[in-house]
Amino acid sequence: MKILIHSTTLDGEPLDADGIALEGKNCAELVDIMKGQTPFTIEATARDYMLGVLGRIEPDRKLQLPEDPETAAAEFLTLLGKHGLVEFLPDDAFIDLPPEDTCAKEDECYCGFRMDDFGLKP
């Protein structure tokens, strides 16, 4: 499964021609990769991460996600897609994101910072 996370303007409007492509075996794995993109969300549970993102996108709507992690992740990605923030790519789409650009471990982020650098517990 592949997605393109569109970059946004400072107002949160998606930029169609720009973004980060991710690949995962399922929706839940994509959400884990997404939350590992910054040291500020890496320690959050997948559910807290998804609800936090959705709360910023639709602050007036009290969103709930299904209990099943994969179903919740699929609904999360679908909602992001409806807002133009995520685009689902064909499985055979070429993406040139090397695996080392994403967090391989929870105590490191992709840009080389360690959670300890921010006073966060790994």
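This report describes the fold, the nonpolar cores and two lysines of a predicted model.

**Overall architecture**

The chain has 122 residues, of which 33% count as buried. It contains 3 helices and 3 strands, and from the N terminus these elements follow the order β-β-α-α-α-β. Among contacts between residues at least 6 apart in sequence, 49% join residues at least 24 apart. The accessible surface of the chain is about 7700 Å², and carbon and sulfur atoms account for 53% of that area.

**Nonpolar cores**

In soluble globular proteins, nonpolar side chains tend to be buried together. In this model the largest nonpolar core has 21 residues, and those with the most contacts inside it are Met34, Met50, Phe76, Leu77 and Leu80. Two or more residues of this core come from each of H1, helix H2 (46-57) and helix H3 (69-82). H3 gives the largest share, 6 residues. Leaving aside neighbours within four places in sequence, Met34 is in contact with Ile3, Ile5, Leu22, Tyr49, Phe76, Leu77 and Leu80. Another core, of 5 residues, lies apart from the largest one; Leu4, Ala21, Leu89 and Ala93 are among its members.

**Lys2**

Lys2 belongs to strand E1 (residues 2-8). Lys2 is buried and has no salt bridge. Its nearest side chain of opposite charge, that of Glu23, is 4.3 Å away, and the cut-off for a salt bridge is 4 Å between a side-chain nitrogen of Lys or Arg and a carboxyl oxygen of Asp or Glu. The side chain of Lys2 does reach backbone oxygens, those of Asp91 and Ala93. The distances from the Lys2 side chain are set out below.

| Partner of the Lys2 side chain | Distance |
|---|---|
| Backbone oxygen of Asp91 | 2.8 Å |
| Backbone oxygen of Ala93 | 2.5 Å |
| Side chain of Glu23 | 4.3 Å |

Beyond four places in sequence, the residues in contact with Lys2 are Leu22, Glu23, Glu87, Phe88, Leu89, Pro90, Asp91, Asp92, Ala93 and Ile95. Of these contacts, Leu89 and Ala93 are also among the residues of the 5-residue core, and Leu22 is also in contact with Met34.

**Lys25**

Lys25 lies in the loop between strand E2 (14-23) and helix H1 (27-35). Lys25 counts as exposed because its relative accessible area is 67%, where exposed means over 50%. Lys2, by contrast, is buried. Lys25 and Met1 are 24 residues apart in sequence, while their C-alpha atoms are 5.8 Å apart in space.

Terms used. Residues numbered from 1 in each chain as written. Predicted model: local features only at pLDDT ≥ 70, side-chain atom pairs only at ≥ 80, totals over all residues. Heavy atoms only, no water. Helix = DSSP H or I, 4+ residues; strand = E, 2+ residues; numbered from the N terminus. Buried < 20%, exposed > 50% of the residue type's maximum accessible area, 1.4 Å probe, protein only. Lys, Arg positive; Asp, Glu negative; His and termini not counted. Polar contact = N/O pair within 3.5 Å; in protein donor to acceptor, adjacent residues only side chain to side chain. Contact = heavy atoms within 4.5 Å. Areas by Shrake-Rupley, 256 points an atom, 1.4 Å probe, with all protein chains shown as cover. Core = buried A, V, L, I, M, F, W, Y, C linked by side-chain atoms within 4.5 Å.
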